[in-house]
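User: I'm just starting out with protein structures and would like to look closely at one part of this one. Could you pick a single stretch and walk me through its surroundings?

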Amino acid sequence: MPRPARRRAAVVGTGAIVSGSHLSALRAHAERVELVAAVDVDQGRLDAFRELAGGEVAGFTSVDEMLDAVRPDLVLIGTPPSLHREQTVAALKLGAWVLCEKPLTLSLAEYDEIAAAEEASGAYASVIFQHRYGSGAVHARELITSGELGAPRVAHCQTTWHRDAAYYAVPWRGTWASEGGGPTMGHGIHQYDLLLHLLGPWAEIRAMAARLVHDTESEDVSTALVRFENGALATVVNSVLSPDEVSRIRIDCADATVELTHLYGHRNEDWTYTPAPHVASERADAWRTPTADVPSSHAAQLGALLDAYDNGVRPPGSGSDARATLEFAAALYKSAFTGHPVLAGEIAPGDPFYPAMHGDHPHWAPKERA
């Protein structure tokens with residue numbers, strides 16, 4: 001079977017996440033994809049990125065101009081969240097696949113606009129949830145979903161990070177219109193996306209949220225109790241107030257506890273398996289880490305997307321799969337702000353939390369600025 005032609009890629013936004021993670025991912029798959037264009041409204045930043053990228057990377061200050069001139073196969077988006085929907089839809093309309101930073105959109109309503117654009121174009125948009133793609137996560141999911149570890153019963157998901165006032169001094173941070181939320185949307189989403197990837201569909205959320213430190217429109221900490229369709233119960237914590245930073249998932253199954261402890265990315269060594277007393281050692285030995293050690297990364301996810309592109313199938317991290325994670329965020333906010341449990345599928349057109357994560361709640365809706 002002949003090798004598919006190299007895909008022509010463009011990046012939109014040339015800040016730290018693109019110049020670091022996206023550029024290194026493209027280089028890791030240089031035999032399959034070629035960076036041909038970059039877009040940034042800041043000419044100086046754009047010029048610096050083009051020099052860093054090397055080669056013949058065309059520069060543009062307009063997304064529409066780039067799309068019309070270059071017609072890329074793939075667009076990687078690393079701009080502020082408020083721009084994601086518009087830029088993703090523009091790329092899809094021209095038939096380009098998209099790999100976009102999280103959150104893909106600021107609301108379920110916006111997400112469904114992207115789904116409509118996919119349907120019309122035949123192209124696909126994936127959101128960066130790179131923690132799914134490390135070999136340790138792939139291995140853990142296989143063990144859990146196959147039933148090898150027994151029925152999942154109790155889980156904990158923790159994103160306890162620290163962000164200071166200088167972090168929120170960046171103009172596009174801390175507002176609903178620019179980020180769609182606080183650590184529930186912008187920080188903890190990576191860990192609870194992985195939790196959902198490991199445990200499957202969630203059924204019910206009961207949550208709380210607060211602004212304890214930062215002068216932001218959205219929360220700086222949230223907590224949730226979650227019931228999964230398989231009956232497992234979980235706690236989820238999303239914080240930017242925690243001096244000792246850690247990212248952690250623990251899942252207690254009938255026959256084993258599986259734990260992941262890391263910060264911004266994991267390798268095989270970050271996963272541990274503790275067998276229940278009744279489990280034979282020979283069986284537990286088979287749970288240990290896989291031979292290959294693939295770190296969770298943008299490069300790992302880009303490889304999975306390119307595989308899907310070559311095979312003409314929907315890529316992972318897109319469609320209803322990725323929507324379930326955004327719906328989890330919306331449900332967490334609705335439960336936290338209303339004080340009521342929220343069921344999966346409850347937030348639909350007509351619900352105030354469908355077009356905006358704040359749901360126009362009087363204590364949380366954006367304030368008019370002078």
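Analyst: Sure, here is a walk around helix H13, from the loop before it to what comes after. First, a heads-up: this is a predicted model, where local features need pLDDT of at least 70 and side-chain atom pairs count only at pLDDT 80 or more, while totals for chains, interfaces and linings use all residues. Residues are numbered from 1 along each chain as its sequence is written, and side-chain values use heavy atoms, with hydrogens and water left out.

H13 covers residues 319-338, which makes 20 residues. (Helices here are DSSP runs of H or I with at least four residues, strands are E runs with at least two, and both are numbered from the N terminus.) From first C-alpha to last, H13 reaches 28 Å, close to the expected 28 Å; that expected span is 1.5 Å times one less than the number of residues. Is H13 mostly enclosed or open? Since 15 of its 20 residues are buried, H13 is largely enclosed by the rest of the structure. (Buried is under 20% relative accessible area, exposed is over 50%, and partly exposed lies in between, using a 1.4 Å probe and protein chains only.)

Now step back to Ser318, in the loop between helix H12 (298-311) and H13. Ser318 has 3% relative accessibility, so it counts as buried. Its side chain makes a 3.1 Å polar contact with that of Arg314. (That's a pair of N or O atoms within 3.5 Å; within protein, one must be able to donate a hydrogen and the other to accept it, and sequence-adjacent residues count only if both atoms are side-chain atoms.) Setting aside neighbours within four places in sequence, Ser318 is in contact (heavy atoms within 4.5 Å) with Tyr111, Ala125 and Ser126.

Tyr111 brings us to helix H5, residues 108-121, where it is one of the buried residues. The others are Leu108, Ala109, Glu110, Ile114, Ala117 and Glu118. And what covers them? The cover includes H13 itself, along with helix H4 (84-93) and strand E6 (125-127).

Further along H13 sits Ser335. At 1% relative accessibility, Ser335 counts as buried. Not counting residues up to four places away in sequence, Ser335 touches Ile205, Arg206 and Ala207, and also His340, Pro341 and Val342.

Finally, after H13 comes Gly339, with a positive phi near 80 degrees. H5 is also followed by a glycine, Gly122, whose positive phi is near 85 degrees.
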